[in-house]
Amino acid sequence: MAGLPTAALQLAGFLMAHAFWTVSDLPAGSHYQPQSLCMRSDGNRALSTFEGATTLEQDEQAKAFITGGASQWPDCAVARQVKVGTPKGDVDALVIDVVQYGGSVMTVVQAFRPGPAEFRLLGDELMMADNGPLPPLPAAQAAAMMREGAIDHPGLGDKWNQWEAARDPVSPLIQR
């Protein structure tokens, strides 16, 4: 990757905050409905929700959008909730695909604990490029750009800062 896509990462951070705001209010056992947030070069944004009779159908539509509908947009982020198997059991995670003109730039995976009373971010985001995890410096820079976008979300108030302060120090997705 030549350089980090600042605008796309900030957009992804905004969508990440929006998705976690939604997830933090869902009743136990509920699932986040995948969404995309795309931005034109003039700064206009469009938020879309992927419909489907099942969670699997919604996820398939979101994945198809990455290589289809996202191609008309300079910057897009597509967020969906997944379960990730770990040695200690399944973990909920938000997967955000960062896309420019229909080409996937990177994938961000953030583990979390769902539920209105128990909501919590679990460790740092994993920043993945086509050939695996980003090296530490670019990953930290990408995370900082996403946090700028997250803090810009007007409806969150202090929630993002509270989530950051309460974030578990180690992601269950990292094996040491």
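Colleague: How do the residues lining the second largest pocket divide into nonpolar, polar and charged?

Modeller: They come to six nonpolar, four polar and four charged. The classes are fixed in advance: Ala, Val, Leu, Ile, Met, Phe, Trp, Tyr, Cys and Pro count as nonpolar, Asp, Glu, Lys and Arg as charged, and the others, Gly among them, as polar. Please keep in mind that this is a predicted model, where local features need pLDDT of at least 70 and side-chain atom pairs count only at pLDDT 80 or more, while totals for chains, interfaces and linings use all residues. Residues are numbered from 1 along each chain as its sequence is written, and side-chain values use heavy atoms, with hydrogens and water left out.

Colleague: What makes it a pocket, and which residues lie nearest its centre?

Modeller: On a 1 Å grid over the protein atoms alone, a pocket is an open set of points where a 1.4 Å probe fits, with protein on both sides within 12 Å along at least five of seven lines; lining residues have an atom within 4 Å of a point. Here 14 residues line the pocket, and Thr-86, Lys-88, Ser-171, Pro-172 and Ile-174 lie nearest its centre. Its volume, the space filled by probe spheres set on grid points joined across faces, edges and corners, is about 210 Å³.

Colleague: And what about the largest pocket?

Modeller: That one has about 300 Å³. Of its 16 lining residues, Asp-124, Glu-125, Leu-126, Met-127 and Ala-139 are the closest to the centre. Strand β6 provides the largest share of the lining, five residues.

Colleague: How do you know which strands pair, say β3 and β4?

Modeller: Strands are DSSP runs of E, at least two residues long, and helices are runs of H or I of at least four, numbered from the N terminus. Two strands pair if DSSP finds at least two bridges between them. Strands β3 (residues 75-86) and β4 (residues 89-100) have eleven, in the antiparallel sense, so by that rule they pair. One example is Val-78, whose bridge partner in β4 is Asp-97.

Colleague: Why is the whole chain called as compact as a globular protein of its length?

Modeller: The chain has four helices and seven strands. Its radius of gyration, taken over C-alpha atoms, is 15 Å, close to the 16 Å that the globule rule gives for 176 residues, so the description fits. The rule itself is 2.2 Å times the number of residues to the power 0.38.
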